[in-house]
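Let's take a friendly walk through a protein model, one region at a time. Keep the sequence and the structure in view as you read.

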Amino acid sequence: MTAPETSRRLLATAAIALGTLGLGACGSSAASSGRETALSRAVLLPSDAEVNEQSIRFLERRVQRDPEDFIAHNKLAAYYLQRVRESSDLTYLRLASRAAHASLGVLPAEQNSGGLAALAQVALTSHDFAAARDYALRLAELEPEKIHPYQILGDAYLELGEYEQARTAYGKMVRYAGGIPGLTRVAIEERMSKLAALRGDMAMARQHLLAALREALALPYPPREVVAWDRWQLGEAAFATGDYQAAEQHYRDALTTAPGYFRALASLGRVRAARGDLAEAIALSERATAIVPDPAFVAELGDLYALAGRGGDAESRYALVGAIGKLSAVTGAVYNRQQALFCADHNLKPLEAYANAAREYKVRRDIYGADAVAWTALKAGKLAEAQAAMHEALRLGTQDAKLFYHAGMIARAAGDKVAAARYLQRALALNPRFDARQARLARSVLSEVL
């Protein structure tokens, strides 16, 4: 056993010995405030980063010596994809694609399902969801009773807006998993949470996330990134319903689990802004964007600077958002929707933003794609298109303040003050400070239409 592995196991064992990884005395019951009782006190979990990096270096040397070692290529692709999840560094996505193609170049998919699975995951991560669906369908033909083809297939269907097909695919995950605990069960619960949230059942979405977290913490060596992700997602669910106190605690728990977890840092900045602490919100957002300059994070930081009267800093961040999307075809595909929404939010390049959102929606017909079309169409002066797309965005009953805000603004543009007031009131009742900039506009417009 290597030194890093020994250290990791000792830390995990110590945590278990202290009783910090099991269920608390109150189980998963919710407090009267609506905030879930903690499963356990969050603790620092050991990182596998050093071990994984050593594995990557080993596998890279191995495929250099033997380019026809398709198993090594498959393992390398998996490690690269893990690095994408942990860091959002798209350099690793290109490396994963290269490894997957190299594997399938050695042995075709019929004899190399691992290579096909890697390629499907690369397509999914690259936001080429149609390709991911097609690869996963082929994988399901080759391995019809395995779990992973249906996980990839369900994820692709979900992003394409084919929700019933996603539900069916996830149902097959459940069927073939049986009662097996562990990471497979974590993955299932996380996906059930997404489906519940899309239907507007936020209570059920939280219960599935709690179940996922419970399963992850019950593992002998709880995976740091998975636990941090689930805690962060619980924070997102709480924030979505305006429970800022619970959201902040979940984000801080994620940061206790994985210090420097950029997603939780950015979200904590957002919730601190919602709670009126603009200075800390800026400091947290600066830390998050220094780690990963995700366009959504950078745009939020720009808005915080603008609210603080730092116009020059805000403009520099807004310029950076535009630059990020032009870096490469990969970043353009991954960040296209974020770019379109940013432009619509800030009244920039309205026709270009609408064209980008509409082009993506031709393939990716999910409700948030419809929302992007609606919002950009409004800013581009295409009111009829905005109304039709907004109808599609609301079709599942999703409880999202931004959806209601966009619907209210579109109704106002159409001269329907009653509908505008209704939607804006719903947005602000659900999440009064859903966005540092847009929530203020929502309150201003609501006062006009009442």
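Glu 352 sits in helix α18; helices here are DSSP runs of H or I, at least four residues long, numbered from the N terminus. This is a predicted model, in which local features need pLDDT of at least 70 and side-chain atom pairs count only at pLDDT 80 or more, while totals for chains, interfaces and linings use all residues. Residues are numbered from 1 along each chain as its sequence is written, and side-chain values use heavy atoms, with hydrogens and water left out.

With a relative accessibility of 43%, Glu 352 counts as partly exposed. That class lies between buried (under 20% relative accessible area) and exposed (over 50%), computed with a 1.4 Å probe on protein chains only. From Glu 352 to Ala 290 there are 62 residues in sequence and 28 Å in space, C-alpha to C-alpha.

Which residues of α18 are buried? They are Ala 353, Tyr 354, Asn 356, Ala 357, Glu 360 and Tyr 361. Seen down the axis of α18, these buried residues fall within an arc of 165°, so they line one face of the helix. The arc is taken from the directions that run from the helix axis to the C-beta atoms. A general point helps here: an α-helix has 3.6 residues a turn, so residues three or four places apart point the same way.

Helix lengths can be checked too. The expected span is 1.5 Å times one less than the number of residues, and the table sets it beside the distance between the end C-alpha atoms.

| Helix | Residues | Expected span | End C-alpha distance |
|---|---|---|---|
| α18 (350-361) | 12 residues | 16 Å | 16 Å |
| α3 (70-87) | 18 residues | 26 Å | 26 Å |

For α18 the two values agree, and for α3 they agree as well.

Now look at the loop between α17 (329-345) and α18, where Asn 347 is found. Most residues other than glycine have a negative phi. Asn 347, although not a glycine, has a positive phi of about 55°, and it is exposed, with a relative accessible area of 52%. Lys 349 is also placed in the loop between α17 and α18. Its phi is positive, about 40°, although Lys 349 is not a glycine, and with a relative accessible area of 45% it is partly exposed.

Another positive phi, of about 60°, belongs to Ser 88, just after α3. The buried residues of α3 include Ala 72, His 73, Leu 76, Tyr 80 and Arg 83. Among the elements that cover the buried residues of α3 are α2 (49-65), α4 (91-106) and α13.

Helix α13 (residues 262-274) holds Ser 267. Is Ser 267 buried or exposed? Ser 267 is buried, with a relative accessible area of 2%. Leaving out residues up to four places away in sequence, Ser 267 touches Trp 232, Glu 236 and Tyr 251, where contact means heavy atoms within 4.5 Å.

Finally, there is an enclosed space to find. The largest cavity is lined by Ala 266, Ser 285, Ala 288, Thr 289, Phe 297, Glu 300 and Leu 301. A cavity is a set of points on a 1 Å grid, over the protein atoms alone, where a 1.4 Å probe fits but cannot get out, and lining residues have an atom within 4 Å of a point. Both α14 (278-291) and α15 (295-307) supply at least two residues of the lining.

Technical notes: On a 1 Å grid over the protein atoms alone, a cavity is a set of points where a 1.4 Å probe fits but cannot get out, and a pocket is an open set with protein on both sides within 12 Å along at least five of seven lines; lining residues have an atom within 4 Å of a point.
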